[in-house]
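Trainee: Could you take me closely through one strand of this model and its pairing partners, and then follow the connections outward from there? I would like one continuous account.

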Amino acid sequence: MILKNAMFAGLALMAVSSDAVAKVYPGRQSCPLQSPQNSWPDYLSGKFGDRTRYFSVRMTRNVGGYLVKNYCYTVIYAGNGVWTASGHFINGQGRNEAANHNTKGGLPENYQMQIWHYAFTFNEAGEVYFAGDNKLAGQMYCRIGSECWK
């Protein structure tokens, strides 16, 4: 399972590469924004049979100096509070770089998640709030890629 998640994370990292060509890949049919009768906690728990539960978060503001406004971060929930997220950050030299991080913490049944060691909460509408200040920080999407909102 870890190898499969690592391979998927590699594909997700390619999906958010800094090419000029935008890449968007369809999400799972059981993802709540595509099937509104499904809840986010049920989807992320694997209730609908998806072995890899993934989605994107498009940040609506910068968070923690690493998560960048208007960028999409592909997020995979592996269970037991383990999250993997791929996306972009601005390095110390001001350059945009892609990265993949594994994090432990946050349980979807409590509407919690982690992206790059930052804690967030979310709701059924897919709105994502930074736990540090409880303010809106992003929006969840079923699709993954550099233009996940399309």
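Mentor: In this predicted model, strand β4, residues 82-90, has 7 of its 9 residues buried, so the strand is largely enclosed by the rest of the structure. On one side of the pairing, β4 is joined to strand β3, residues 72-79, by 5 bridges, and the two strands run antiparallel. A specific pair to look for in this ladder is Y77 with W83, the latter being the bridge partner in β4. The connection between β3 and β4 is a hairpin with 2 residues between the strands, and N80, in the turn, has a positive phi of about 55°.

The pairing of β4 with strand β5, residues 96-104, is also antiparallel and extends over 9 bridges. Here V82 of β4 can be followed across to its bridge partner K104 in β5. These two strands likewise form a hairpin, with 5 residues between them, and in that turn G94 has a positive phi of about 80°.

Strand β3 also leads to the disulfides, of which the structure holds 2. C72 and C148 form one of them, with their sulfur atoms 2.1 Å apart, and with -80° about the S-S bond this link is left-handed. The pair links distant parts of the chain, since C72 lies in strand β3 whereas C148 lies in the segment after β10, 76 residues away. C72 is buried, with a relative accessible area of 2%, and C148 is buried as well, with a value of 0%.

The other disulfide joins C31 to C142, with an S to S distance of 2.3 Å. The torsion about its S-S bond is about -90°, so this disulfide is left-handed. It too links distant parts of the chain, with C31 in the loop between β1 (24-25) and α2 (40-45), C142 in the loop between β9 (135-141) and β10 (144-145), and 111 residues separating the two cysteines. Both C31 and C142 are buried. When the bonded cysteines of the chain are numbered in sequence order, the pairing reads 1-3, 2-4.

Two further strand residues deserve a careful look at the level of their side chains. R53 lies in strand β2, residues 53-59, and is buried yet has no salt bridge, the nearest side chain of opposite charge being that of D50, 7.0 Å away. A salt bridge would require a distance within 4 Å, so D50 does not qualify as a partner for R53. What the side chain of R53 does reach is the backbone oxygen of R51, at 3.2 Å.

Y129, for its part, is found in strand β8, residues 127-130, and is partly exposed, with a relative accessible area of 23%. Its side chain makes a polar contact with the side chain of E127, at 3.2 Å. Leaving aside residues up to four places away in sequence, Y129 touches A119, F120, T121, N123, N134, K135, L136 and A137. Among these, K135 and A137 can be placed against the β9 range of 135-141 mentioned for the loop that holds C142. Finally, Y129 and Q112 are 17 residues apart in sequence, and their C-alpha atoms are 9.4 Å apart in space.

Technical notes
Residues numbered from 1 in each chain as written. Predicted model: local features only at pLDDT ≥ 70, side-chain atom pairs only at ≥ 80, totals over all residues. Heavy atoms only, no water. Helix = DSSP H or I, 4+ residues; strand = E, 2+ residues; numbered from the N terminus. Buried < 20%, exposed > 50% of the residue type's maximum accessible area, 1.4 Å probe, protein only. Lys, Arg positive; Asp, Glu negative; His and termini not counted. Polar contact = N/O pair within 3.5 Å; in protein donor to acceptor, adjacent residues only side chain to side chain. Pairing = 2+ DSSP bridges. Disulfide = S-S within 2.5 Å. Contact = heavy atoms within 4.5 Å.
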